[in-house]
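I opened this entry to look up empty space and buried packing in one structure. Cavities come first, then the nonpolar cores, then a single helix.

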Amino acid sequence: MHDREKSDGPEVPAKLPNKAQGGAAEAAEGRGPAKGTAAGETRSGPSAGQSALSGLGRVRRVARMDKDARFTALLHHVDLDRLRAAYWALEPKAAPGVDGVTWHDYGQDLEANLRDLHARVHRGAYRARPSRRVYIPKPDGRQRPLGIAALEDKILQRAVVEVLNAIYETDFLGFSYGFRPGRSPHQALDALAAGIVGKKVNWVLDADFRDYFSSLDHRWLERFVEHRIADRRVLRLIQKWLAAGVVEKGSWTAFEEGVPQGASVSPLLANVYLHYVFDLWAQQWRTRHAHGDVVIVRFADDYVVGFEHRDDAERFWADLRDRLAGFSLELNAEKTRLIEFGRFAAERRKARGLGKPETFRFLGFTHACGKTRKSGRFKLKRITDSKRLRAKLRALKGESERRRHLPIPEQGHWLASVLRGHYNYYAVPGNIEALRAFRRQVTRYWLRALRRRSQRTTVNWQRMSRLADRWLPHVRITHPWPEPRFDARTQGRSPVR
C-alpha cells in the first residue's frame, strides 16, 4: 500500500538545491510554518482548551523531525473549540449548499449545533452531503465548475484541514505556494522574479495541467494521504467527502475522480497530490539530471519552470509528460510551451533575425523581457494580464449600469473600493501605465452610466474629472521591488547562504 517506488520515488531532502542552485528562489524558502498560521505551540492539559487553535505543536514537531512518521491519532484535535473557530472563519455571505442552511441560520443555535456535529463525527455517525454545482465565468470565456459544500461540511473540513496542515506544512517544498497558510500569490511572484533575474534562466517552460481538479485519481490520492495519515477516522472522513458527489439541477452525480473546486478540503488534497506527483519528482530531477540552473515556482496547479539550457528544458518536458501519465494527469497542449526568455533572449533572437522574446502569463501578470532606462540592464517586466483586465472591465461595466441610479456618493464609494482592490494586487513596480489605463476606463464607464440616468444629463467631462478626483483613488505603486522583498523574507533561512 505504501510502496514508494510506485508513488513518489525515493524522497529527496525537501530543500536540497542542485549544484547550480545557490540562492535560487525556490530553494530559499524556509520549511517551518509561516508567521500568521493558526497552529502554534502551547501547553497541553486541562487549561489548553482556551488555546486549542495552537495545540498542534507536538504533532508539528514530530512531523518535522521524522519524515516517515505516520500519525494514528489526530481526530481528537477536532474539538469544539476548533469547530467553533472554523465556523467564525467562514464567509458569512457565502452561498449555501444543498441543504440551504446559511451561516446566519447555523449560528442561531451555534453551540448546540457544534456539539451535535462534534458528537456525530467522533462516534462515526457523520454523513457528508453532496456539493451544489454552480458555474462561474473564466477569463477565456469558458465556465469553471464549482462545488458549494453544505455549511456543516465546510466547518468540519476547515477544522480537519487545520489539523492536517500541522503535518503537511513541514513536508511541502519551498517552491509550492498555492493555498498554504502564510503564503500568497505575491510571494510566488517574488520568488519567480528573483529566480529569473538572479539565476541563469534562458528558457521558460510555461505549463498548465488539463482539468487538474477534476482529474485527480482517488486511489492515488488516498495512497498519498496514507503516507503520513494512519488515523482511520480521518481517512474515512476524506473518503466520505470524495464520495459525496455533486447535485446539479436536482440530479446527483458521483465523483469518480477529482475533487470539487470550492470545498475547504480540496486545496489541501490537491497540494498533497502534486507534492508527490510533481514537487518531489521535480526536485529530484533538477538535483540528479539538470546540467544548469533550474528555477521552479508552483501556485496550486499553475507553475513555471526556468532553465539555463534548452536541452534540460526539453528533457524535463518529455520526462514530465511520462510522469504525469502514470497518475491520470496530462499537460494542456494548447497552453504549455517552451519559450526563450531571460537577460540574453532579446540579443540572441535579434542575432537570429527573430522578433522580441515571447511573454508568458502567471498569476494575473504578463511577464516580459525589458531593460532599464539608464543602464540598459535586463529587467523583468510584469504587466496586468490583458485577458483578466478585459474580463474585469466587462463585469465592471455591467455593474456600473445596474448601479447608475444610486446616489453619486454611494457609487463613488463602491468604485473606490474596486480601484483599491485592483491596486492592492496589481500595483507592482513597472505596471503603473496599466493601472492608469484601468482608472481612466473606470472613469469612462462611470461617465457613461451617469449620462444614462436621464436624457437631460448635465454630466460632462469637466464635471466627471471633478467627480473622479474626489472619489477615485489615484494610482500609486504599493508593492516594493520583488528581489529585495524576497531576500528580506528569506534572510537567514536559505540553506545555501
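Before giving volumes I fix the term: a cavity is a set of grid points where a 1.4 Å probe fits but cannot get out. The volume I quote is the space filled by probe spheres set on those points. The model is predicted.

**Cavities**

I looked for cavities of 30 Å³ or more and found three. The largest cavity holds about 120 Å³ of space. I listed its lining, which comes to 17 residues; S131, Q157, W241, P260 and A263 are the closest to the centre. I then asked which helices each supply at least two residues of this lining. They are helix 5 (151-168), helix 8 (232-243) and helix 9 (266-288). Sorted by class, I get eleven nonpolar, four polar and two charged residues around the largest cavity.

Next I took the second largest cavity, with about 40 Å³ of space. I note E222, V225, E226, L235, I238 and Q239 as its lining. Helix 7 (218-226) and helix 8 each supply at least two of these lining residues. By class I record three nonpolar residues, one polar and two charged for the second largest cavity. Helix 8 thus enters my notes for the largest cavity and again for the second largest.

**Nonpolar cores**

I turned to the buried nonpolar residues. The largest nonpolar core has 80 residues, and I155, Y273 and F316 have the most contacts inside it. Helix 9 gives the most to this core, 13 residues. Helix 9 is also on my list for the lining of the largest cavity.

What does I155 touch, leaving out residues up to four places away in sequence? I wrote down L83, A86, Y87, L90, Y106, L114 and L117. Apart from this core I found another, of 51 residues, and Y177, V295, A300 and L396 are among them.

**Helix 16**

Last, I checked which residues of helix 16 (residues 482-490) are buried, taking buried as under 20% relative accessible area. My list includes P482, F486 and T490. Looking down the axis of helix 16, I see its buried residues fall within an arc of 50 degrees, so they line one face of the helix. I then looked for what covers them: helix 6 (185-198) and strand 11 (378-384) are included in the cover of the buried residues of helix 16.

Conventions
Residues numbered from 1 in each chain as written. Predicted model: local features only at pLDDT ≥ 70, side-chain atom pairs only at ≥ 80, totals over all residues. Heavy atoms only, no water. 1 Å grid on protein atoms, 1.4 Å probe; cavity = no way out; pocket = protein on both sides within 12 Å on 5 of 7 lines; lining within 4 Å. Helix = DSSP H or I, 4+ residues; strand = E, 2+ residues; numbered from the N terminus. Nonpolar A, V, L, I, M, F, W, Y, C, P; charged D, E, K, R; others polar. Core = buried A, V, L, I, M, F, W, Y, C linked by side-chain atoms within 4.5 Å. Buried < 20%, exposed > 50% of the residue type's maximum accessible area, 1.4 Å probe, protein only. Contact = heavy atoms within 4.5 Å. Arc of directions from axis to C-beta.
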